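Please work through the exercises below with the sequence and the structure side by side, trying each task before reading its solution.

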Amino acid sequence: RGRGAKPIIYESPLPQASAYPERFRQFHDDNVALVKSLQVAVAPAVAAWMKRLGPQPSEKDFQAVYADWIHASPRGAYITGCCLYAALTGSSPIGLYHPADMPAEEARELQETAWEAFLETNRP
């Protein structure tokens with residue numbers, strides 16, 4: 001910070017086998033407490049994934065964000081990247097580049113979800 005660095009906390013997604021939504025919510029809440037004590041922003045990937053997955057996700061819903069039991073799919077990585085962008089810049093990711101194989105409407109939904117999660121998580 002003394003040299004102008006802007007620290008953030010990266011909220012890495014949990015393994016798919018983690019209890020959903022209880023463990024996901026607890027992990028996110030723990031990160032929120034940490035960033036408040038450190039007075040930094042969080043890139044809320046878990047919160048964004050939970051918004052994307054909804055209250056009772058199907059196996060297909062999980063496959064949209066997970067490539068396997070722990071790693072992000074391309075869409076999971078994209079929404080996470082949007083969260084990182086928001087945390088690093090404080091700006092909305094809506095309208096950013098998206099991969100050519102991702103429909104523009106879906107990219108916008110992921111961008112909006114990441115931005116909503118960022119705003120909700122990083123309230124003063």
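The exercises that follow concern a predicted model, and they go from the whole chain to single residues.

**Exercise 1. The chain as a whole**

Task: Determine how many helices and strands the chain has and in which pattern they follow one another, and then decide how compact the chain is for its length.

Solution: Begin with the count, which gives five helices and two strands. Read along the sequence, these elements come in the pattern β-α-β-α-α-α-α. The radius of gyration of the chain is 14 Å, close to the 14 Å that the globule rule gives for 124 residues, so the chain is as compact as a globular protein of that length. Along its principal axes, the C-alpha trace spans about 45 × 35 × 20 Å. As a next step, look at burial and contacts: 41% of the 124 residues count as buried, and of the contacts with a separation of 6 or more, 66% are between residues 24 or more positions apart. Finally, turn to the surface, where the chain exposes about 7,000 Å², with carbon and sulfur atoms supplying 55% of that area. The chain has 12 positive and 14 negative side chains, and the centres of these two sets lie 9 Å apart.

**Exercise 2. The surroundings of helix α2**

Task: Establish whether helix α2 is largely enclosed or largely open, and name what covers its buried residues.

Solution: First locate helix α2, which comprises residues 45-53, and count its buried residues; seven of the nine are buried, so the helix is largely enclosed by the rest of the structure. The buried residues are Ala45, Val46, Ala47, Ala48, Trp49, Met50 and Leu53. Next ask what lies over them: the cover includes α1 (22-38), β2 (41-43), α3 (59-65), α4 (74-89) and α5. To finish, follow the chain just beyond α2, where glycine 54 takes a positive phi of about 80°.

**Exercise 3. Glutamine 111 and the two cysteines**

Task: Describe the setting of glutamine 111, and then explain why cysteine 83 forms no bond with cysteine 82.

Solution: Glutamine 111 lies in helix α5, which runs over residues 104-121. With a relative accessible area of 2%, glutamine 111 falls under the 20% cut-off and is therefore buried. Leaving out residues up to four places away in sequence, glutamine 111 touches Tyr78, Cys82, Pro93, Ile94, Gly95, Leu96 and Tyr97.

One of these contacts leads to the second part of the task, since Cys82 is among them. A disulfide is a covalent bond between the sulfur atoms of two cysteines. A search of the whole structure finds zero disulfides, and for cysteine 82 the nearest cysteine sulfur, that of cysteine 83, is 7.1 Å away. Because a pair of sulfur atoms has to lie within 2.5 Å to count, the 7.1 Å between the sulfur of cysteine 83 and that of cysteine 82 is too far for a bond. Both cysteines should also be checked for burial: cysteine 82 is buried at a relative accessible area of 3%, and cysteine 83 is buried at 0%.

**Exercise 4. Two residues of helix α1**

Task: For arginine 23 and asparagine 31, decide which is buried and which is partly exposed, and list their contacts.

Solution: Arginine 23 is placed in helix α1, and so is asparagine 31. Take the accessibilities in turn: arginine 23, at 36%, counts as partly exposed, whereas asparagine 31, at 10%, counts as buried. Setting aside residues up to four places away in sequence, arginine 23 touches Leu14 and Ser18, while asparagine 31 is in contact with Ile9 and Glu11.

**Exercise 5. Backbone and loops**

Task: Find where a cis peptide bond occurs, where a residue other than glycine has a positive phi, and which residue 52 places away along the chain is paired with aspartate 68.

Solution: The cis peptide bond joins tyrosine 20 and proline 21, with omega about 5°, and proline 21 sits in the loop between β1 (8-10) and α1. The positive phi belongs to glutamine 39, where the angle is near 60°. Glutamine 39 lies in the loop between α1 and β2 and is exposed, with a relative accessible area of 68%. The last step concerns aspartate 68, in the loop between α3 and α4, which is partly exposed at 33% relative accessible area. Its partner is glutamine 16, 52 residues apart along the chain, and the two C-alpha atoms are separated by 8.0 Å.

Note on methods: Residues are numbered from 1 along each chain as its sequence is written. This is a predicted model: local features need pLDDT of at least 70, side-chain atom pairs count only at pLDDT 80 or more; totals for chains, interfaces and linings use all residues. Side-chain values use heavy atoms; hydrogens and water are left out. Helices (H or I, at least four residues) and strands (E, at least two) are DSSP runs, numbered from the N terminus. Buried means under 20% relative accessible area, exposed over 50%, partly exposed in between (1.4 Å probe, protein chains only). Contact means heavy atoms within 4.5 Å. The radius of gyration is taken over C-alpha atoms; the globule rule is 2.2 Å times the number of residues to the power 0.38. Accessible areas come from the Shrake-Rupley method with a 1.4 Å probe; for residues, only the protein chains shown count as cover. Lys and Arg count as positive and Asp and Glu as negative; His and the chain ends are not counted. The place of a charge is taken as NZ of Lys, CZ of Arg, CG of Asp or CD of Glu.
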